[in-house]
Amino acid sequence: MSVQSPPVVARAGQRPAVPGRARHTAAAATVWYLRLLAALNVAAVVAAPFRREVREHNTGELFTPYLATAGLVTAVLASFLAVVMRRRKRAAWILNLALATPLLALYTAAMTQEAYRRHAFNWFSTVLTALFVAALLLGRGEFRARGPRSNTQRGLAALAVAAVACGAAGTALVTATNRLGGASLDDRVAYSLLRVVTLGPGADGLDAIAVPRWVDVLINILAALSLLAVLYVCFRAPRGKELLTAADEERLRALLERHGARDSLGYFALRRDKAVVFSPSGKAAIAYRVVGGVTLASGDPIGDTEAWPGAIAAWLGQAREHAWVPAVIGASEAAGVVYARHGLDALELGDEAIVDRRDFTLEGRTMRPVRQACRRVQRAGYTVRIRHHEDIPEAEMADLVERADRWRATDTERGFSMALGRLGDPGDGRCVMVECHDAHGELRALLSFVPWGGEGLSLDLMRRDRACDNGLVEFMVAELLQRSHLLGVERLSLNFAMFRSVFERGARLGAGPFLRLWRSALTFFSRWWQIESLYRANAKYRPGWEPRFLLFENSGELPRIGLVCARAEGFVAAPRLGSLFRRRHWPPGS
């Protein structure tokens, strides 16, 4: 049964509500206006004939619409404002209104004089500016995203520093390159400040200054770059400093206890560099991390599938409130369908390798490489020990953590969607440690798995001594699968193979030219990133493949989301001094 909402009646003294579609259309119109003006300003800088036209309409009795000048500064301003207006930031709406409204008032006053009223272009500029202001007012309700309060103070400070720096640099350039003598300091400062705004004829009236054209362009470029930095400070999204609390972790563990068997990545929601948002009923939750203005969730929502829509709506509402770009990495197909109902699109990333204990065997021709590796390692005297983390004494766990750090191939810990980011924490007692010792009893490799419900394990950490024999990992995985019934484990989730279907289908007979080219490109990049090698390492166990997806709201944000995913997974590191002193693991008993 459908329920219709009662008609909205405006109260006395209250403005009637603007229909949602009209608000959305007006907000979109302001964005497109700014995009168009940014393109026109760039064209005015690059194309000399168009630049002359803009100059003529910016002098004497003519004036141009809002933000229409021949300069890179206004091009940068219009472009940046278009981006933040599309993200519906309230501060951008206020800034546009504060700039455009006085300009419209000035144009309206000018049109009362015959000298300005007789030019048709002035009518066009006035009407176009008025339409922009009207669209701002009409779409006011769409701009709800609020940034941190500290942005205003930091932005004003950055603006003051940028103005002084640009003025000083511009004045120095004018002083060094001026071909005429007698120019006062005031004239040089005024000229440089005018060139900060425009490359038009605004500064040509200073007869005591004649500098090369490249000086004007350089001053304008420096000003544009400085303005870009100021705008970034003013409009940057909050970083999301609220991380997982002890109460949040307890609620997540309760949800995982009841629904953890549904997603192999569920336990990784307990990473302590993530935050969590719950559905109104508290029966579902989404763990996420804010990186570079992107709220990045991983895996599927935790909890009852019936409560997923509530958790997704709460997460998206939070993203819109702070102007974050929503994205999900490593979502399953079932979760992708639910996310799609809330406006997110999907891109297949690759497949997760899942091995069922009941189907695993070392017999057969296809398993010959793994079987030979296991036999070779066994003949060398290697043995495997399997136990829960809670059964490992504190001193032994400290030694395992130290060796895991020593054997790590990178300077920083990698992983976000399929890594816990800590080893030896007392709260992770149900995790499983697989240790491999050589014939002398020396530890040579270790694997750590997190729980996947009550009957599964998901690979978290893989470390080995580089000086040991090859085949240790295959031996350890095979031993774990053969003994897993003693732990009550029926399935094992191994590594994620990115673009697996490309490697598999691209090698088949009859593969198309585009698929072959894409496979060749991935093979080339596999020299630096483990793309093909991860697929080969997983495929040798003859696993089942579960597709995983990248979910996003706007395809135009994909490059940014891709960079953020690389940062979150540890493949791209932003240089920070504090990262040199950051603790990498939670020591036992902390």
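The exercises below work through the cores, ring pairs, strands and salt bridges of one predicted model.

In this predicted model, local features need pLDDT of at least 70 and side-chain atom pairs count only at pLDDT 80 or more, while totals for chains, interfaces and linings use all residues. Residues are numbered from 1 along each chain as its sequence is written, and side-chain values use heavy atoms, with hydrogens and water left out.

**Exercise 1. The largest nonpolar core**

Find which residues have the most contacts inside the largest nonpolar core, and which helix gives the most to this core.

Step 1. A nonpolar core is a set of buried Ala, Val, Leu, Ile, Met, Phe, Trp, Tyr and Cys residues joined through side-chain atoms within 4.5 Å, where buried means under 20% relative accessible area, exposed over 50% and partly exposed in between, with a 1.4 Å probe and protein chains only.

Step 2. The largest such core has 39 residues, and those with the most contacts inside it are Leu-34, Tyr-66, Leu-67, Leu-81, Met-85 and Phe-132. Among the elements that give two or more residues to this core are helix H1 (20-46), helix H3 (72-86) and helix H6 (120-138), helices being DSSP runs of H or I with at least four residues and strands runs of E with at least two, numbered from the N terminus. H3 gives the most, with 8 residues.

Step 3. Leaving aside residues up to four places away in sequence, Leu-34 touches Tyr-66, Leu-67, Ala-78, Leu-81, Ala-82, Met-85, Asn-96 and Phe-132, a contact being heavy atoms within 4.5 Å.

**Exercise 2. An aromatic pair**

Describe how the rings of Tyr-33 and Phe-132 are arranged.

Step 1. Rings of Phe, Tyr and Trp (its six-membered ring) pair if their centres lie within 6.5 Å, and planes under 30 degrees apart count as stacked, over 60 as edge-to-face and the rest as tilted; by this rule the count comes to 8 aromatic pairs.

Step 2. Tyr-33 and Phe-132 form a tilted pair, with 4.7 Å from centre to centre and 35° between the planes. Because Tyr-33 lies in helix H1 and Phe-132 in helix H6, the pair ties together parts that are 99 residues apart in sequence.

Step 3. Both Tyr-33 and Phe-132 are buried, and ring pairs link these two residues with Tyr-66 into a cluster.

**Exercise 3. Partners of a strand**

Work out which strands pair with S6, and over how many bridges.

Step 1. Two strands pair if DSSP finds at least two bridges between them.

Step 2. Strand S6 (residues 345-356) pairs with strand S12 (residues 544-552) in the antiparallel sense over 9 bridges, and Glu-352 stands opposite Glu-546 in S12.

Step 3. S6 is also joined by 6 bridges to strand S11 (residues 491-498), again antiparallel, with Val-355 opposite Leu-492 in S11.

**Exercise 4. Two salt bridges**

State where the partners of the salt bridges Asp-300 to Arg-262 and Arg-483 to Glu-479 lie.

Step 1. A salt bridge is a side-chain nitrogen of Lys or Arg within 4 Å of a carboxyl oxygen of Asp or Glu, and the count comes to 31 salt bridges.

Step 2. Asp-300 and Arg-262 meet at 2.0 Å, N to O. Asp-300 lies in the loop between strand S3 (294-298) and strand S4 (302-303) and Arg-262 in the loop between helix H10 (246-259) and strand S1 (275-278), so the pair ties together parts that are 38 residues apart in sequence. Asp-300 is buried, with a relative accessible area of 3%, whereas Arg-262, at 34%, is partly exposed.

Step 3. Arg-483 and Glu-479 meet at 2.9 Å, N to O, and both lie in helix H15, 4 residues apart, about one turn of the helix.
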